[in-house]
Amino acid sequence: MFAAHSNLAQICSIHDLQALARKRVPKMFYDYVDSGAWSERTYDSNHSDFNDLLFRQRVGVDVAQRSTASLMAQTPVTMPVALAPVGLAGMQYPDGEILAARAAEAFGIPFALSSLSICSIEDVARQTHQPFWFQLYVFKDRDFTLQLMERARKAGCKTLVVTMDLPIMGQRHKDVKNRLSAPPRITATSLIQFLNRPVWCWKMAFSSHHTFGNIVGHAKGVNNLRSLAVWTSEQLDASLSWKDIQWIRDHWDGYLIIKGILNTEDLYRTIDAGAQAVVVSNHGGRQLDGAPSTIRTVAGLVKAANQQVDVLLDSGVRSGQDVLKAIALGAQGVLVGRAFAYGLGAAGEAGVTRALEIIHKELESTMALIGETKISSLGAHNLIIPDQFSI
Ligand SMILES: Cc1cc2nc3c(=O)[nH]c(=O)nc-3n(C[C@H](O)[C@H](O)[C@H](O)COP(=O)(O)O)c2cc1C
């Protein structure tokens with residue numbers, strides 16, 4: 001049965017956690033994570049491009065004392081990794097956002113809560129002690145958007161992550177075919193998917209969190225599945241522009257991160273808008289299919305940023321070695337989405353902790369083998385970099 005988390009020690013990689021999540025999470029929710037937009041070309045290259053970077057092995061360096069501690073978005077962290085905002089994480093595992101936030105807190109890294117989470121801002125705040133980051137979608141209903149920011153502030157959040165690469169929803173074919181919704185619609189196909197995952201169903205029955213916790217009961221007129229479906233389909237704002245970011249800046253006096261930056265024009269607009277950080281991101285390949293991978297893009301953006309904003313990266317990070325490569329190319333830290341979502345689906349809080357342990361060990365061990373003892377010493381000198389990387 002599901003209880004056997006003791007065998008997590010046998011789990012050696014994020015890939016192992018992914019295989020376990022596939023066995024434990026109902027298909028529609030597993031597919032929701034393991035998918036990219038349209039042809040999935042960007043989704044695939046996000047990860048495979050990391051493999052084009054090789055490490056420069058060094059020997060004869062005293063690496064007995066090593067530390068992965070550093071600073072990420074002005075927060076001291078035990079390693080430069082944060083959990084990315086992942087919508088519907090509470091469908092990977094009951095109370096998923098609370099469990100992931102707790103695992104991140106215990107590990108000493110930031111957790112970013114999605115606007116489209118299952119557990120609400122208040123649910124997560126009640127179950128954690130450290131401030132978490134809040135990810136904001138700027139909804140057409142600007143009063144509701146302001147309310148979300150206010151609720152985050154009241155819950156102790158000091159960092160707002162505004163996602164800009166989703167003016168419209170990218171299409172993942174699997175979601176269309178699975179008729180994804182939260183809570184799920186019961187059809188003959190979905191019923192079979194759930195009957196195949198009885199332990200997930202049983203555990204979910206004991207959770208009180210089954211739908212978008214930040215929206216239902218808060219947004220005007222949204223109180224059931226039907227009105228929620230209408231609201232979410234109508235509320236993405238394709239008119240979102242830099243003027244709106246200025247408006248957000250005027251209403252948020254905390255640390256502001258803009259997520260979804262892939263080129264210098266947008267980077268400069270972010271700096272002009274007064275944000276303190278960017279996440280170089282293509283939304284994990286879920287939005288613009290055909291966009292370049294972030295690892296190919298990051299070095300050029302770090303150079304262009306010229307230390308005026310902190311540069312973080314996400315999309316495709318599946319190991320501590322990937323983290324190290326991103327840092328060596330100049331990123332201050334990385335966010336991981338699927339890497340933690342697979343851990344969550346595999347074994348709840350223990351699974352997220354295992355994902356973080358794996359990433360940490362891979363990062364720290366690789367540092368030893370390339371002759372480095374601290375994060376701040378990592379740089380392009382640690383890598384063999386092909387010409388296609390913008391450096
Ligand atoms: C299942 C899933 C749901 C996501 N939901 C959100 C979201 O609600 N808000 C957001 O800003 N990004 C969202 N993202 C994007 C992540 O924050 C992050 O950019 C992406 O997962 C990074 O790529 P990776 O999964 O390869 O690490 C989501 C990603 C996944 C996989």
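Helices (H or I, at least four residues) and strands (E, at least two) are DSSP runs, numbered from the N terminus. The model is predicted: local features need pLDDT of at least 70, side-chain atom pairs count only at pLDDT 80 or more, and totals for chains, interfaces and linings use all residues. Residues are numbered from 1 along each chain as its sequence is written, and side-chain values use heavy atoms, with hydrogens and water left out.

**Exercise 1. Characterise the largest pocket and its lining.**

Step 1. A pocket is an open set of points on a 1 Å grid over the protein atoms alone, with protein on both sides within 12 Å along at least five of seven lines; a cavity is a set where a 1.4 Å probe fits but cannot get out, and lining residues have an atom within 4 Å of a point.

Step 2. The largest pocket holds about 1200 Å³ of space, where a volume is the space filled by probe spheres set on grid points joined across faces, edges and corners. Its lining comprises 48 residues, of which Tyr32, Met169, Arg172, Leu180 and Arg286 are the closest to the centre.

Step 3. Two or more lining residues come from each of helix H2 (27-33), helix H7 (173-178), helix H10 (225-235), strand E11 (333-336) and helix H15 (338-369). Which element gives the most to this lining? H10 does, with seven residues.

Step 4. For the classes, Ala, Val, Leu, Ile, Met, Phe, Trp, Tyr, Cys and Pro count as nonpolar, Asp, Glu, Lys and Arg as charged, and the others, Gly among them, as polar. The lining of the largest pocket then has 24 nonpolar, 15 polar and nine charged residues.

**Exercise 2. Locate the ligand and describe its surroundings.**

Step 1. The ligand takes up the space of the largest pocket; a molecule sits in a pocket if more than half of its atoms lie within 2 Å of the grid points.

Step 2. Around the ligand are 22 residues, and Pro85, Ser114, Thr163, Asp314 and Gly316 come nearest (near means a heavy atom within 4 Å). By class, this shell has seven nonpolar, 10 polar and five charged residues.

Step 3. Polar contacts are pairs of N or O atoms within 3.5 Å. A backbone N or O atom of Pro85 is 2.7 Å from a ligand oxygen atom, and one of Gly87 is 2.9 Å from a ligand nitrogen atom. Lys259 places a polar side-chain atom 3.0 Å from a nitrogen atom of the ligand.

Step 4. Of the 600 Å² of accessible area that the ligand has on its own, the protein covers 99% (Shrake-Rupley method, 1.4 Å probe).

**Exercise 3. Describe the second largest pocket.**

Step 1. Its volume is about 340 Å³. Among its 17 lining residues, Val302, Gln307, Gly330, Ala331 and Gln332 are the closest to the centre.

Step 2. Helix H13 (294-305), strand E10 (310-314) and helix H14 (320-328) each contribute at least two residues to the lining of the second largest pocket. That lining divides into nine nonpolar, seven polar and one charged.

**Exercise 4. Describe the cavities.**

Step 1. How many cavities of 30 Å³ or more does the structure hold? There are two.

Step 2. The largest cavity has a volume of about 60 Å³; its lining includes Tyr137, Phe139, Thr163 and Asp237. Seven nonpolar, two polar and one charged residues make up this lining.

Step 3. The second largest cavity has a volume of about 40 Å³, and Val86, Glu97, Ser114 and Phe340 are among the residues that line it. Helix H4 (96-107) and strand E5 (112-113) each supply at least two of its lining residues.

How values were computed: Polar contact = N/O pair within 3.5 Å; in protein donor to acceptor, adjacent residues only side chain to side chain.
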